[in-house]
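Have the sequence and the model side by side. The walk below goes from the whole chain to single side chains.

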Amino acid sequence: MRGFYIGRFQPYHDGHHAMVGRIADEVDELVLGIGSADDSHTTHDPFTAGERIMMITKAVAEFDLQTYVVPLEDINRNAVWVSHVESMCPDFDVAYSNNPLVVRLFEESGIEVRQSPMFDRDRLEGSEIRERMIDDESWRDRVPDPVVETIEEINGIQRLQHVADTDSLSRYVAEDESLDEPTIGED
């Protein structure tokens, strides 16, 4: 049996990893869909699809599970989203998600969806991990070691901090029209 699990994986963290471990007990193969694959270099989506492929591929190597990591661009049309996913991925028998919209879209398309409890959700949430990276706080204990190695290899912390500084500057400039500097980026 082949399963499907989607996430933005910004970054792939221990909560995702625990979910993959649970899924590995139920399926022979797993398609890991990288959502929002077309987004990168922002505070919400700092890592490219290729960087997330590296993180995930290295991290899931410890499982005895054939995996296929597939980048999926956003299409912003919920009614055809499942068809888009199916057109980009190997066939799968069951989908795994806790996202209410994703669950509904798969169920409306006749695909079995399995949910599981979130793993340490208060600590393992992507936005919290990214915020810790920006603020130079502890984050490495929240992601698998191969993810730490990948983020360090690509200078991901420096990128995220730079993007966050740029975002802060654009908000500051937009709020103070008396400054002579042009607005950088959008809010």
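What follows covers the overall layout, then the strands, then one histidine, then the salt bridges.

The model is predicted. Its chain has seven helices and five strands. Reading along the sequence gives the order β-α-β-α-β-α-β-α-β-α-α-α. The chain has 187 residues, and 47% of them count as buried. About 10,000 Å² is exposed, with carbon and sulfur atoms supplying 44% of that area. Now take the contacts between residues at least 6 apart in sequence. Of these, 66% join residues at least 24 apart.

Start with β1, residues 2–7. How many of its six residues are buried? Five are, so the strand is mostly covered under the 20% limit for burial. Two strands pair with β1. One is β2, residues 29–34, which runs parallel to β1 and is joined to it by six bridges. Within this pairing, G7 has I34 of β2 as its bridge partner. The other is β4, residues 94–96, also parallel to β1, with three bridges. Here F4 stands opposite A95 of β4. The connection from β1 to β2 brings in a helix: β1, α1 and β2 form a β-α-β unit, and its hand is right.

Stay on that connection and look just ahead of the helix. H13 sits in the loop between β1 and α1, the helix of residues 14–24. Is H13 buried or exposed? Its relative accessibility is 4%, so H13 counts as buried. The H13 side chain reaches the backbone nitrogen of G15 at 3.0 Å. Other contacts of H13 come from further along the chain. Beyond its neighbours within four places in sequence, H13 touches L124, E125, G126, I129, R142, V143 and P144. Two of these lead onward. G126 begins helix α5, residues 126–134, and R142 is a salt-bridge partner.

Next come the charged pairs. Side chains of opposite charge can pair when their charged atoms come close. The structure holds eleven salt bridges. One of them joins E51 and R159, with the closest N and O atoms 2.6 Å apart. This pair links distant parts of the chain, as its partners lie 108 residues apart. E51 belongs to helix α2, residues 49–60, and R159 to helix α7, residues 156–175. Both E51 and R159 are buried.

Compare a pair within one helix. R132 forms a salt bridge with E128, and the closest N and O atoms are 3.0 Å apart. What separates R132 and E128 along helix α5? They are four residues apart in that helix, which means about one helical turn lies between them. R132 has a relative accessible area of 17%, so R132 is buried. E128 has 31% relative accessibility and therefore counts as partly exposed.

A further pair returns to a contact of H13. D141 forms a salt bridge with R142, the closest N and O atoms being 3.8 Å apart. D141 is partly exposed because its relative accessible area is 43%. R142, at 8% relative accessibility, counts as buried. Elsewhere, salt bridges share partners: E26, E112 and R114 are joined in this way into one network.

Note on methods: Residues numbered from 1 in each chain as written. Predicted model: local features only at pLDDT ≥ 70, side-chain atom pairs only at ≥ 80, totals over all residues. Heavy atoms only, no water. Buried < 20%, exposed > 50% of the residue type's maximum accessible area, 1.4 Å probe, protein only. Polar contact = N/O pair within 3.5 Å; in protein donor to acceptor, adjacent residues only side chain to side chain. Contact = heavy atoms within 4.5 Å. Salt bridge = Lys/Arg side-chain N within 4 Å of Asp/Glu carboxyl O. Areas by Shrake-Rupley, 256 points an atom, 1.4 Å probe, with all protein chains shown as cover. Pairing = 2+ DSSP bridges. Right-handed = clockwise from strand over helix to strand, strands pointing away.
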